[in-house]
Amino acid sequence: MTPTPLPLPSPRRPVDTASLARDLEGRPPDEIIRRAIDVTGGDLVLLASFADVVLLDLAVTVAPDLPVVFLDTGFHFAETLETVRRAQARLGRDLRVERPSPDAPDLWAVGTTACCAARKVAPMERALRGRAGWLSGLRRADHAGREQVDVVERDRRGLLKFNPIAAWSDDDV
């Protein structure tokens, strides 16, 4: 059964996030990505963790020029960095990499909160500055704390955060 096309809200008007989330629930990821582009007027970025590349593959299939940002904390496994290199080669383009400042503290020196603030939050803030929205690979199956993740939500900055594979199981991935 083909899903009924949904009306597009104007990117110039406020977006009713709860209503949009209800409309997009159960839709395929490629349709969610298209709607994210439409709703944000194309002012969208994909933040990729490279734990896998399924969302990256889906997103660049829908929007080949979509900006993709990798948040390099400086503590990734060699396998993750190799996945980034292989994805860059396969896509035939560079991905933007956001890194912490050279003097960013590490976990052992300052603890989890300060380390994450310097190595994850600050680079993420730079990647999202001035954007209308972003794509995230959050999935409800990731862990119990994510069971209620909506397909679209507002993040703490007020940006639209789209989670196109929120409903996917491990088997779906």
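Which residue follows α2, and is its phi positive or negative? Let me start there, everyone. The residue after α2 is Gly41, and its phi is positive, near 65°. Keep in mind throughout that this is a predicted model.

Now a quick overview. The protein chain has 6 helices and 6 strands. Reading from the N terminus, their order is α-α-β-α-β-α-β-α-α-β-β-β. The chain counts 173 residues, and 38% of them are buried. If you take the contacts with a separation of 6 or more, 69% come from residues 24 or more positions apart. As for the outside, the accessible surface is about 9,800 Å², and carbon and sulfur atoms hold 52% of that.

Back to α2, which spans residues 29–39. Which of its residues are buried? They are Pro29, Glu31, Ile32, Ile33, Arg35, Ala36 and Val39, so you will see two charged names, Glu31 and Arg35, in that list. A general reminder for reading such a list: an α-helix has 3.6 residues a turn, so residues three or four places apart point the same way. What do the buried residues of α2 pack against? Their partners are two helices, α1 (17–24) and α3, and three strands, β1, β4 (133–135) and β6 (160–162).

Let's move to the pockets. The largest one has a volume of about 760 Å³. Its lining has 26 residues, and those closest to the centre are Leu47, Ser49, Ser136, Gly137 and Leu138. Which elements each supply at least two residues of that lining? Those are β1 (44–48), α3 (54–62), β2 (68–71) and α6 (112–128). By class, the lining divides into 15 nonpolar, 5 polar and 6 charged residues.

One of those central residues deserves a closer look, and that is Gly137. You will find Gly137 in the loop between β4 and β5 (152–154). Is Gly137 buried, partly exposed or exposed? Its relative accessible area is 35%, so Gly137 is partly exposed. Leaving aside residues up to four places away in sequence, Gly137 touches Leu55, Asp142 and Ile165. Take Leu55: along the chain, 82 residues separate Leu55 from Gly137, yet their C-alpha atoms are 6.2 Å apart.

On to the second largest pocket, with a volume of about 260 Å³. Here 10 residues form the lining, and Thr73, Phe75, His76, Phe77 and Lys120 lie nearest the centre. Which element gives the most to this lining? It is α6, with 4 residues. The classes come out as 5 nonpolar, 3 polar and 2 charged. Notice that α6 supplies residues to the largest pocket as well.

Last topic, the aromatics. The structure holds 1 aromatic pair. Why is the pair of Phe50 and Phe70 called edge-to-face? The ring centres are 5.4 Å apart and the planes stand at 85°, so the pair counts as edge-to-face. It joins distant parts of the chain, with Phe50 in the loop between β1 and α3 and Phe70 in strand β2, 20 residues apart. Are these two rings' residues buried or exposed? Phe50 has 2% relative accessibility, so Phe50 counts as buried, and Phe70, also at 2%, counts as buried too.

That's my tour, thanks for listening!

Notes: Residues are numbered from 1 along each chain as its sequence is written. This is a predicted model: local features need pLDDT of at least 70, side-chain atom pairs count only at pLDDT 80 or more; totals for chains, interfaces and linings use all residues. Side-chain values use heavy atoms; hydrogens and water are left out. On a 1 Å grid over the protein atoms alone, a cavity is a set of points where a 1.4 Å probe fits but cannot get out, and a pocket is an open set with protein on both sides within 12 Å along at least five of seven lines; lining residues have an atom within 4 Å of a point. Grid points are joined across faces, edges and corners, and a volume is the space filled by probe spheres set on the points. Buried means under 20% relative accessible area, exposed over 50%, partly exposed in between (1.4 Å probe, protein chains only). Contact means heavy atoms within 4.5 Å. Accessible areas come from the Shrake-Rupley method with a 1.4 Å probe; for residues, only the protein chains shown count as cover. Rings of Phe, Tyr and Trp (its six-membered ring) pair if their centres lie within 6.5 Å; planes under 30 degrees apart count as stacked, over 60 as edge-to-face and the rest as tilted.
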